[in-house]
Amino acid sequence: MLQKFRFQFGTLLFITCITISSCNKNDLPKVTTNGISEITQISAKISGTIKEEGASSINFRGFCWSISPNPTIEDNKTTNGFEIGEYTGILTGLIANTKYYVRAYATTSDGTSYGNELNFTTSLGTMVDVRDGNSYKIITIGTQTWMAENLKATKYNDGTDIPIITDQIEWASLTSPGYCYYLNDYTNYGSIYGCLYNWYSVNTGKLCPEGWHAPVKNEFEILIDYLGGEQVAGAKLKEIGTTHWTYPNEGATNESGFCALPAGNRDYEGGFGYNGFYGNFWSSTDGIPNHAYEIYVGAQSTIVFLSPAYKQMGYSVRCIKNE
């Protein structure tokens, strides 16, 4: 940036031009770091947006990351073009079960600007449920280890079948275990969102694989507190984007790696609803009469809600590893 300075000595006036290497922050691009997806043991996909170009054209854009806060392009970085708008990048060469900090960046001839910082922990890998061969990504969040996918088990961990209930009237009158797929459609819903279980299935204590269990209410509370409290934890739990969530999927960053999906639910009258809008997850904790505790997140909010629900409701289940 070229700036003029005036110096006066006696009756003489000198005007000189000096090139200044630093610049006004307002001259730099406006960058945001949007969210994290596809977290594995060694990689993660990041999305960002350049909202404004700044005073000079963009030379490079991408993401920088480190195991320490406030990463810069002097640490690890990707380069992902130079256009204005939304873009994505893949972070590679990561270490399993390690916390990373990441920021979007854009570089011009005036300098480099950075987006907001997000953090995530790489996956521990996967576990295979021996009763049916289903494989689940697993993630460490604070001191807890969670499945990063909805449960799909159709048998208890003792090998006996969980009753599948497709009839609406039968579901509504059920006070014993049962499960179903959204709209009774495995191909389009069950294969993606897993099963919807009533609470009586959870209460058997046999729903999750050996070495895992359905979370108690307090374990959900620990998760929410670790993610900054109920007002913001929902954003950190939700899968980013609108592939599965309806617009706008408010604030979703998936920083936790939990990758909450909006499976919708089956209500206590046997009807289906809210796929794409809500993700509901049972706890094993009993509540007020005929109710048990669940958490849920929604497309229109960053909040995670912890509340009692009718035991006849069909919700998703995320298993947590035994300590």
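I began with helix H5 and found that its buried residues pack against helix H4 (217-226), strand E20 (291-298) and strand E21 (304-310). The buried residues of H5, which spans residues 230-237, are Ala233, Gly234, Ala235 and Leu237. I keep in mind throughout that this is a predicted model.

Next I looked for enclosed space, and a search of the whole structure gave me one cavity of 30 Å³ or more. I noted that about 40 Å³ of space lies in the largest cavity. Its lining, as I listed it, consists of Tyr181, Tyr182, Tyr189, Gly190, Tyr193, Gly194, Leu196, Ala263 and Asn275. Sorting that lining by class, I have six nonpolar and three polar residues, with no charged residues. Helix H2 (residues 186-193) gives the most to this lining, with three residues.

I then checked both ends of H2. At the N-terminal end I find Asp185 as the cap, with a side-chain oxygen 3.1 Å from the backbone nitrogen of Thr187. Just after H2 comes Gly194, for which I noted a positive phi of about 80°, and Gly194 is also among the residues that line the largest cavity.

Last, I looked up Asp75, which sits in the loop between strand E5 (58-66) and strand E6 (76-77). I recorded Asp75 as partly exposed, because its relative accessible area is 37%, and buried would require under 20% and exposed over 50%. Leaving aside residues up to four places away in sequence, I find that Asp75 touches Trp65 and Ser66. I also took the C-alpha to C-alpha separation of Asp75 and Lys321, which is 34 Å in space, with their positions 246 residues apart in sequence.

Notes:
Residues are numbered from 1 along each chain as its sequence is written. This is a predicted model: local features need pLDDT of at least 70, side-chain atom pairs count only at pLDDT 80 or more; totals for chains, interfaces and linings use all residues. Side-chain values use heavy atoms; hydrogens and water are left out. On a 1 Å grid over the protein atoms alone, a cavity is a set of points where a 1.4 Å probe fits but cannot get out, and a pocket is an open set with protein on both sides within 12 Å along at least five of seven lines; lining residues have an atom within 4 Å of a point. Grid points are joined across faces, edges and corners, and a volume is the space filled by probe spheres set on the points. Helices (H or I, at least four residues) and strands (E, at least two) are DSSP runs, numbered from the N terminus. Ala, Val, Leu, Ile, Met, Phe, Trp, Tyr, Cys and Pro count as nonpolar, Asp, Glu, Lys and Arg as charged, and the others, Gly among them, as polar. Buried means under 20% relative accessible area, exposed over 50%, partly exposed in between (1.4 Å probe, protein chains only). Contact means heavy atoms within 4.5 Å. A polar contact is a pair of N or O atoms within 3.5 Å; within protein, one must be able to donate a hydrogen and the other to accept it, and residues adjacent in sequence count only if both atoms are side-chain atoms.
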